[in-house]
Amino acid sequence: MSGYGPPTRFNEEAATFTVRGSDAPDLKAGEAAIRNVLKTLPLKPGVYRMNDAKGDVLYVGKARALKNRVGNYVQVDRLPKRLQRMVSQTRSMTIVTTNNEAEALLLEAQLIKRYRPPYNVLLRDDKSFPFILLRSDHEYPRIQKHRGARRAKGDYYGPFASAGSVNNTLNALQKLFLLRSCTDGFFKTRDRPCLLYQIKRCSAPCVGRIDAGDYAELVSDAKKFLAGKATDVQAKLGAEMTAAAADMDFERAAVIRDRLKALTFIQGTQFINAEDVGDADIFALASHEGLIGIEAFFIRGGQNWGHRSFFPAHTADVAEEEVLSQFLMQFYEEVPPARTVFVDRVLPEAALLQEALSGQAGRKVSMEVPQRGTRRRLLDQARRNAQEALERRLAESTTQAKLNREVADLFDLPEPPDRIEVYDNSHIQGTNALGAMVVAGPEGFRKGQYRKFNIKDKSIVPGDDFGMMREVLTRRFARLLKEGAEEEGPDRDSGEWPDLVLIDGGRGQLNAAKAVLEQLGIEDVCLVGVAKGPNHGREGREVFHLMDGRELMLPVNSPTLFYLQRLRDEVHRFAIGAHRAKRAKAMGASPLDEVPGIGPARKKALLMHFGTGRAVRNASLADLQQAPGVSASVAQQVYDFYHAK
């Protein structure tokens, strides 16, 4: 790469070379497919994808010289068993050349994130990290939590390890700098201070309690603090408090005193002995019994912005150094790297990683293995946390495996369930009705596979929970059957079919679900209804209704009961949250939303002129034409919509 710039994005223009044959794993067929590609490959850097017979990506790799790297896969006897299995499933390859190896490394990380191949090391936890955003597009800048693409103008500070850590920091920053956190729309409509001003978390610029110059000074102090210059801010506040006290302005002195307390709180919770570190990300790896855990610490300006544990997937038979290298590239696909990245071991191609990260960040990024001093102590701390997190993970997995075995014994399953689906409905007197599904496995909740089902059947009587459950399960299992039909029969080993289905409800809900499966010809899915017990479940005595008519109750101190309650509570939480979001959206809807061709601007103009949607519906054509911003053709369109015979 020449210099540093924004992250590279690639447009793929690549040929796919295919060898036809059986879909079943076949080492010779896979080797033949690779040899066919090998004939045309150049000695150039690039990225290759191994694809199976369906075109699904098995593996993404990068190479300094494509011909040499891909040529290794035809030497099958020298490959580990894992890669031999991959070659046996390969039926085609896709090749993309790049300008240099650093670009290939960046592209490899992008494609792994997009395709999630089963033979690559995968970053399981790919949720976006929260940042603090101090906006610059307003006279009185707003401070707020931010996730996702950074399109808004302003300064971004982060990443923070969790929403909790960024929320705590924001609360303390509001006390310390009194910056507004409200939206611009809320800011415009205020005619008196809100509650945040009363509890001394905002300076109320919306109603002129502070002028633009003084507010800008608060913003400047906040930027200094977030950049790691807390000592300067503390000295400035101390001098201001002393001066206020000398002037007998004890009220102002008390306000500054409270701000200093907030600063002390942040220092006590976030500051560590890292004065000479600056901005750094710290990574340490621990492994045990085939499981790998990676601990990441985020240090910005001497402040500890939290740490998070990661447990990459598909790490069997992969060297630990390679796992950490692939993890780092996927991690930094979304997160901007710090100026310094500390790792706990020497990585292969460390110089290449450093070059790729520098290009992605648009500035120099150095990668180091600290040997002494403060940096070494920080790395040792990350190592201890990585080991402890891994031990907790192993203990949890052992406990979870035991719970799954007990669930299998309880419900007469042939083996511990790999996929549990839990269903619930949510509505208020039949309005904004929807169904919800959550999914759990041996590793815990699979939140990426949760689903919401808007109730679409108009024949369902509002409030008919049984009818709603029938619709939800019909849509869910009919889709599974349809996908199976396209593949010549349901693939019960695909990971999509549930081993156990829990229904939040009693015998009636269970019978409704059972009727759906019988109608679809599905006989091998275990259904269980989870109903509240005596005293409406206040004692935690749930009743489990089985398909054969039996009812089970577990001891109140049973770990299996606690686990099943947790599953039921999770679907309840998800359903209620989805229902509230749908209801809030419906409350903000307008009758004009149904009129075709009416955008937000014209809708606003009509509502501002007539006051309500009903007044627009009852208006004459002449009245509609008088509305500002509404042309004659639009007025005619609105009138025809409401008065069509």
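Trainee: How closely do the axes of helix 4 and helix 11 come together, and at what angle do they cross?

Mentor: In this predicted model, the axes of helix 4 (residues 101–115) and helix 11 (residues 320–331) come within 9 Å and cross at roughly 80°.

Trainee: Why is helix 4 called roughly perpendicular to helix 11?

Mentor: Angles of 65 to 115 degrees count as roughly perpendicular. The crossing angle is roughly 80°, so helix 4 is roughly perpendicular to helix 11. Distance and angle go together here, as two packed helices are described by the angle between their axes and the distance between the axes.

Trainee: Which residues meet where helix 4 and helix 11 are in contact?

Mentor: From helix 4 come Leu105, Leu106, Ala109 and Ile112, and they meet Gln326, Met329 and Gln330 of helix 11. This contact holds 5 nonpolar residues, 2 polar ones and no charged ones.

Trainee: What makes Gln326 and Gln330 polar rather than charged?

Mentor: Asp, Glu, Lys and Arg count as charged, and Gln is not in that group or among the nonpolar residues, so Gln counts as polar.

Trainee: Across which strands does helix 11 lie?

Mentor: Helix 11 lies across strand 8 (280–288), strand 9 (291–300), strand 10, strand 11 and strand 12, and runs at about 140° to strand 8.

Trainee: What makes that angle to strand 8 oblique rather than roughly antiparallel?

Mentor: Roughly antiparallel needs an angle over 145 degrees. Helix 11 runs at about 140° to strand 8, so the angle counts as oblique.

Trainee: What is the order of the strands in the open sheet?

Mentor: The order is 10-9-8-11-12, an open sheet of 5 strands with mixed pairing. On average, neighbouring strands of this sheet are turned by 20° against each other, direction ignored.

Trainee: What makes strand 10 and strand 12 edge strands?

Mentor: Strand 10 (303–310) and strand 12 (366–368) each pair on one side only.

Trainee: How do you know that strand 11 and strand 12 pair?

Mentor: Two strands pair if there are at least two bridges between them. Strand 11 (residues 340–343) is joined to strand 12 by 3 bridges, so they pair, and the two run parallel. Within strand 12, Ser366 stands opposite Thr340.

Trainee: Why is Ser366 called buried?

Mentor: Buried means under 20% relative accessible area. Ser366 has 18% relative accessibility, so it counts as buried. Leaving aside neighbours within four places in sequence, Ser366 is in contact with Arg339, Thr340, Val341 and Gln354.

Trainee: Is Glu471, a residue of helix 14 (residues 465–486), buried or exposed?

Mentor: Glu471 has a relative accessible area of 11%, which is under 20%, so Glu471 is buried. Not counting residues up to four places away in sequence, Glu471 touches Asn454, Ile455, Lys456, Asp457 and Ile460. The C-alpha atoms of Glu471 and Asn454 are separated by 9.6 Å, with the two residues 17 apart along the chain.

Trainee: What makes strand 4 mostly covered?

Mentor: Strand 4 (residues 92–97) has 6 residues, and 5 of them are buried. Strand 4 also pairs with strand 2 (residues 46–51) in the antiparallel sense, over 6 bridges. In that pairing, Ser92 in strand 4 is the bridge partner of Asn51.

Trainee: What is notable about the phi of Arg116 and of Asp317?

Mentor: Most residues other than glycine have a negative phi. Arg116 has a positive phi of about 50°, and Asp317 has a positive phi of about 65°. Arg116 lies in the loop between helix 4 and strand 5 (131–135), while Asp317 is in the loop between strand 10 and helix 11.

Trainee: Why is Arg116 called partly exposed, and why is Asp317 called exposed?

Mentor: Exposed means over 50%, and partly exposed covers the range between 20% and that value. Arg116 has a relative accessible area of 30%, so it is partly exposed. Asp317 has 62% relative accessibility, so it counts as exposed.

Trainee: Where is the cis peptide bond that involves Pro159?

Mentor: The cis bond joins Gly158 and Pro159, with omega about 5°. Pro159 is found in the loop between strand 7 (154–157) and helix 5 (163–177). For context, most peptide bonds are trans.

Trainee: How many helices and strands does the protein have?

Mentor: There are 20 helices and 20 strands. Of the 645 residues, 47% are buried.

Methods:
Residues are numbered from 1 along each chain as its sequence is written. This is a predicted model: local features need pLDDT of at least 70, side-chain atom pairs count only at pLDDT 80 or more; totals for chains, interfaces and linings use all residues. Side-chain values use heavy atoms; hydrogens and water are left out. Axes are lines fitted to C-alpha atoms, for helices over the stretch in contact, and angles run from 0 to 180 degrees between N-to-C directions. Helices (H or I, at least four residues) and strands (E, at least two) are DSSP runs, numbered from the N terminus. Angles under 35 degrees count as roughly parallel, over 145 as roughly antiparallel, 65 to 115 as roughly perpendicular and the rest as oblique. Contact means heavy atoms within 4.5 Å. Buried means under 20% relative accessible area, exposed over 50%, partly exposed in between (1.4 Å probe, protein chains only).
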